[in-house]
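User: I have this model open in my viewer and would like a close look at one part of it. Could you take me through a single strand and what surrounds it?

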Amino acid sequence: MCSADLSDRALLITFQTRSNSLAWTIESVCNPEFGRGTEKMLHRVTAVLAVSALMGACCASVNAQPSGRKVVVISLDAFGAESLSDPQLPAPTLHKLMKMGAYATSMKPINPTVTWPNHTAMVSGVNASRHHVIVNGLIVNQRTDTPPKIEPHTPRSELVAVPTVYDAAHKAGLVTAEVDWVAIEKADGITWRFTEYSDSHGPIERDLVQQGAMTEEQLAHFNNPSQAWRDRIYTLAAVDIIKKHHPDLMLLHLLALDSIEHETGFGNDSGRNTIAFLDDRVKDVIDAVREAGDLDRTTFLIVSDHGQMSVHKHLNANLLLRQSGLQGASSANPTFAIPEGGFALLYQKHATEQSTAALKTLFTAKPGVRAALSPAEAAKDGWPTPAETNQAPDLLLYAENGYAFSGKADQFAVDAKESGAHGYPNTEPLMKEIFIAAGAGIENKGEIGEFNNVDIAPTIARLLNVPLPNVDGKPLTEILSAK
Ligand SMILES: [Zn+2]
């Protein structure tokens with residue numbers, strides 16, 4: 001929101017950061033009176049420069065001090081890199097950030113290309129072979145006589161096997177926040193939160209009810225309304241936290257694009273309209289940071305967790321397992337599949353080298369099956385093995401493009417109305433993610449080449465100046481300013 005009466009504080013911020021394009025440009029665009037009140041501003045600037053010099057002297061002598069910078073990460077679920085390359089995309093805020101800072105031609109997800117594994121990769125700096133999150137929750141009841149399930153309500157300490165950048169920030173005394181982030185339930189490293197399902201007693205939820213953003217009734221039935229409604233509330237929650245609590249690290253996750261693309265497929269006007277809606281939500285967050293007085297020291301990272309692909313055929317792996325006598329009371333080695341769109345996970349009660357080889361033969365060359373991979377083969381693409389975690393499957397199936405594993409088909413492969421899916425290998429162009437960085441600490445680099453999303457966590461750690469050792473990724477030094 002553009003304020004007509006820009007405060008002295010905002011003018012001061014503008015002056016301080018004019019060489020750093022984000023604050024200067026946003027303020028000058030928003031405020032037609034930019035430049036007035038210069039005399040008053042100069043008095044304030046003199047005082048601030050003196051304080052800055054003192055701070056510089058202080059920080060130079062204590063290297064481990066946090067940087068004083070703030071980082072806001074906004075994940076726009078399922079926003080594929082290909083969409084961002086469309087010059088007609090109705091995304092003025094994203095385009096402005098791209099022009100001011102740096103953006104990648106694409107960012108490479110980890111395998112599997114689904115939500116929780118990739119969000120976890122972006123905050124931990126390691127892939128699934130080390131963080132062990134391979135679906136949207138914890139897989140339970142696998143390798144038994146009955147089908148496995150995915151349990152999303154699992155504490156982060158049981159789900160994620162490694163430290164994260166929010167843990168590091170919290171340990172360094174920084175204020176951390178998450179709104180609708182994933183694989184983060186009850187995380188000790190989070191100071192302020194508004195969870196995916198909301199908590200009717202949570203302080204941020206109470207704030208939003210008090211502000212009139214939602215009613216008690218809407219809070220009590222938070223999952224009933226549309227995803228776009230929830231994304232608006234998630235954004236308002238982030239705005240509330242930013243203005244009231246000035247977090248040093250904010251993780252915000254919005255899902256509307258993933259939701260509409262799953263329903264309608266990739267690359268249509270429903271998706272484009274949703275991107276316009278999400279672009280406005282990004283603007284809301286930037287405006288909140290400005291109104292909080294934190295714009296001059298905030299870095300914005302806009303990312304996604306995977307892309308999306310249109311599919312017209314569904315595959316039912318459990319049906320084939322049933323037909324092959326591998327399920328039911330008479331089976332000596334009950335075997336079940338968890339269908340996940342672009343892939344399916346197979347678990348056997350008693351996996352041996354021979355039984356896994358037989359299972360592989362059963363699925364190889366079936367219509368719509370791209371590959372059936374043993375644990376050793378999947379490990380080459382960054383998957384964990386059953387020896388490392390009980391989450392890892394005994395056999396991994398990948399679907400061909402245009403096919404998705406689901407539980408819906410009444411034959412192994414059936415035609416279906418167009419819908420969207422992800423989970424295909426991370427080398428597929430449509431699975432690639434977006435990355436945009438702008439604001440404090442980011443050079444105006446324009447387009448940069450593809451990099452791995454495990455570089456996000458060490459980049460955040462570098463921006464905040466908190467330690468995050470022993471990760472696979474590395475900071476994106478080519479876009480970070482020296483100061
Ligand atoms: Zn996702």
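**Strand β8 and its surroundings**

Glu178 stands opposite Leu251 in β8. What is β8 paired with on either side, and what packs around it?

Analyst: Happy to. Please keep in mind that this is a predicted model. Your pair is a good way in: β6 (176-179) and β8 are joined by four bridges and pair in the parallel sense. The other partner is β1, which runs parallel to β8 and is joined to it by six bridges. On that side, Leu76 is the residue opposite Leu254 of β8.

Now for the strand itself. β8 covers residues 249-254, and six of its six residues are buried. Leu249, Leu251 and His253 point one way, while Met250, Leu252 and Leu254 point the other way.

Stepping back to the sheet, β8 belongs to an open sheet of eight strands with mixed pairing, in the order β7-β6-β8-β1-β9-β17-β2-β18. The edges are β7 (192-194) and β18 (446-448); each has a single partner strand, so one side of each is left without a neighbour in the sheet. Direction ignored, neighbouring strands are turned by 15° against each other on average. At the β18 end, β2 (residues 102-104) pairs with β18 in the parallel sense over three bridges, and Tyr103 stands opposite Glu447 there.

Next come the helices. Helix α12 (residues 227-245) lies across β6, β7 and β8, and runs at about 170° to β8. Helix α14 (residues 269-291) also packs on the sheet, where it touches β1 (70-76), β8 and β9 (298-303); its direction makes about 170° with that of β1.

Helix α13 (residues 256-264) has Ala256, Leu257, Asp258, Ile260 and Glu261 as its buried residues. These pack against β8 and β1, against helices α12 and α14, and against β16 (413-421). Just after α13, Gly265 takes a positive phi of about 100°.

Helix α12 has another neighbour worth a look. Its axis and that of α10 (residues 203-211) come within 10 Å and cross at roughly 105°, and the two helices are therefore roughly perpendicular to each other. From α10, the contact is made by Ile204, Asp207 and Leu208; from α12, by Ile233, Leu236, Ala237, Asp240 and Ile241.

That brings us to the nonpolar interior. In soluble globular proteins, nonpolar side chains tend to be buried together. Here the largest nonpolar core has 133 residues, and Ile302 and Leu397 are those with the most contacts inside it. Helix α12 provides the largest share of this core, eight residues. Both domain 2 (73-126 + 162-308 + 426-479) and domain 3 (311-421) give residues to the core, so it lies between them.

If you would like to follow the core from Leu397, select its contacts, leaving aside neighbours within four places in sequence: Ala317, Phe343, Ala344, Leu346, Phe363, Val369, Ala372 and Phe405.

For the wider setting, the protein has 18 helices and 19 strands, and 50% of its 483 residues count as buried. Among contacts with a separation of 6 or more, 74% are between residues 24 or more positions apart.

Note on methods:
Residues are numbered from 1 along each chain as its sequence is written. This is a predicted model: local features need pLDDT of at least 70, side-chain atom pairs count only at pLDDT 80 or more; totals for chains, interfaces and linings use all residues. Two strands pair if DSSP finds at least two bridges between them. Axes are lines fitted to C-alpha atoms, for helices over the stretch in contact, and angles run from 0 to 180 degrees between N-to-C directions. Two residues are in contact if their C-beta atoms, placed from the backbone, lie within 7 Å. A residue is buried if 20 or more other C-beta atoms lie within 10 Å of its own, exposed if 12 or fewer, and partly exposed in between; C-beta atoms are placed from the backbone. A nonpolar core is a set of buried Ala, Val, Leu, Ile, Met, Phe, Trp, Tyr and Cys residues joined through C-beta atoms within 7 Å. Domain bounds come from an automatic or database domain assignment. Angles under 35 degrees count as roughly parallel, over 145 as roughly antiparallel, 65 to 115 as roughly perpendicular and the rest as oblique.
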